[in-house]
Amino acid sequence: MKDFYICECVQHENKIITSNFVVVSKQIKPKKTGEPYLALILGDRSGQLEAKMWDNVEDVLNAFDQDDFLKIKGLVNKYKNRFQLTVHKLRKLGESEIEFSDYLPKTTKNIDELWQTLTDFVFSIQNLHLRSLIQAFMCDPEIAAAYRNAPAAKTLHHAYIGGLLDHVVSLFRSCDLVCRNYPQINRDLLLSGAFLHDIGKIHELTYNRSFSYTTRGQLLGHMVIELEMLHAKIALVPGFPDELKTLLEHLIISHHGQYDFGSPKLPMFPEALMLHYLDDLDSKMEAMRAQFEREADLENPWTGYNSSLGRPLLNTAKFLASKKPAENLAVETNPEPESISPEPTSDDSSKSNAELAGDGTAALVLKPED
């Protein structure tokens with residue numbers, strides 16, 4: 001088990017840490033001098049962290065790739081109100097040193113209970129064609145296993161193992177409640193759309209080492225994949241009405257709600273509009289919950305800038321419990337979307353590599369990154 005997780009940056013600010021991470025992203029960028037530095041995004045099951053390496057970069061450029069695991073020694077610091085890691089030394093981990101459960105976040109909810117809740121909702125669908133269709137997906141062992149484990153997104157919301165299932169169960173509950181206030185809504189159609197709207201994520205995303213896109217996911221996107229999956233399963237349901245097929249297709253391709261959000265069509269009937277807004281609501285509420293969880297140890301009720309929502313957030317529980325006047329609390333209102341910290345002036349490469357060479361492999365010396 002790791003000694004340090006990314007969520008613990010607050011307790012280790014301005015301290016040297018040594019820990020293991022998965023490389024979520026690796027970029028080589030030029031300094032002002034023209035020499036290269038490394039811009040990394042590191043991950044573990046508690047989140048992601050920007051990291052920069054400034055010195056001796058040539059020694060390690062080809063020593064590791066994205067999705068590799070590294071043991072890193074570096075300084076946890078903050079630049080423009082965001083935590084980052086300045087890397088001093090690193091080495092690539094051997095397979096025997098990797099504990100995969102340390103790196104991928106997982107829902108804290110019981111997967112079996114979530115799946116049972118999903119099953120109960122599907123059983124409540126009255127239209128036999130729609131119920132048979134959804135059950136055809138759930139009875140497919142490969143799809144069922146992936147549906148139980150896939151994240152709902154790479155980073156924006158429900159980005160953890162079990163996130164897709166967690167998201168859809170939450171969406172089912174919202175659909176069920178809101179339908180009671182709008183009796184004109186076809187509940188069966190809405191629930192079917194909720195089940196199908198992100199099912200393509202099981203093929204769009206890969207989540208063995210870190211969350212990233214498959215080649216098929218990059219080229220097609222989850223909506224196109226979902227249409228292919230839908231057509232394959234509809235062929236197994238005798239006499240499935242063409243009209244229902246068209247409505248399900250529209251629910252899939254319109255659920256992002258706006259052209260700017262990658263939606264080929266705008267929602268054009270009530271169930272499609274409701275699916276879009278409830279899906280959007282659930283994803284945004286989860287993004288807020290996750291932000292509050294990441295910054296739980298901070299006293300300030302205002303969070304840092306949330307890039308997916310485009311704003312800082314106010315934790316009302318902290319705000320109401322705070323004794324400080326609200327006007328004295330700092331709010332980050334003008335963050336830059338991508339920040340690069342100043343290049344360091346001190347050289348830390350002379351520090352010992354012994355603690356990094358735990359498996360006998362040669363340690364690689366890195367220096368302060370961004």
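Ten helices and ten strands make up the secondary structure of this protein, which is a predicted model. The protein has 370 residues, and 49% of them count as buried. Among contacts with a separation of 6 or more, 62% are between residues 24 or more positions apart. The exposed area is about 18,200 Å², with 52% of it supplied by carbon and sulfur atoms.

**Strand β4 and its partners**

- Strand β4 covers residues 69-79, and eight of its eleven residues are buried, so the strand is largely enclosed by the rest of the structure.
- Strand β1, residues 15-30, runs antiparallel to β4 and is joined to it by eight bridges.
- One pairing between these two strands puts Ile-16 with Leu-75 of β4 as its bridge partner.
- β4 also pairs with strand β5, residues 82-92, in the antiparallel sense, here over ten bridges.
- In this pairing, Val-76 stands opposite Leu-85 of β5.
- β4 and β5 form a hairpin with two residues between the strands.
- Lys-80 lies in the turn of that hairpin and has a positive phi of about 50 degrees.
- In a regular strand, side chains alternate between the two faces of the sheet.

**The hairpin of β8 and β9**

- Strand β8 spans residues 302-306 and strand β9 spans residues 311-314; the two run antiparallel and are joined by three bridges.
- Trp-302 has Leu-314 in β9 as its bridge partner.
- Four residues separate the strands of this hairpin, and Gly-310 takes a positive phi near 75 degrees.

**The cavity**

- A search of the whole structure finds one cavity of 30 Å³ or more.
- The largest cavity has a volume of about 40 Å³.
- Its lining consists of Phe-292, Glu-295, Leu-298, Asn-300, Pro-301, Trp-302, Thr-303, Asn-315 and Lys-318.
- Trp-302 therefore appears in two places in this briefing: it is a lining residue of the largest cavity and the bridge partner of Leu-314.

**Cysteines**

- The structure holds zero disulfides.
- Cys-175 is in no disulfide, and the nearest cysteine sulfur, that of Cys-179, is 6.3 Å away.
- A disulfide needs two cysteine sulfur atoms within 2.5 Å, and the 6.3 Å from the sulfur of Cys-179 to that of Cys-175, its closest, is too far for a bond.
- Cys-175 counts as buried because its relative accessibility is 0%.
- Cys-179 is also buried, with a relative accessible area of 10%.

Technical notes. Residues numbered from 1 in each chain as written. Predicted model: local features only at pLDDT ≥ 70, side-chain atom pairs only at ≥ 80, totals over all residues. Heavy atoms only, no water. Buried < 20%, exposed > 50% of the residue type's maximum accessible area, 1.4 Å probe, protein only. Pairing = 2+ DSSP bridges. Contact = heavy atoms within 4.5 Å. Areas by Shrake-Rupley, 256 points an atom, 1.4 Å probe, with all protein chains shown as cover. 1 Å grid on protein atoms, 1.4 Å probe; cavity = no way out; pocket = protein on both sides within 12 Å on 5 of 7 lines; lining within 4 Å. Points joined across faces, edges and corners; volume = space filled by probe spheres on them.
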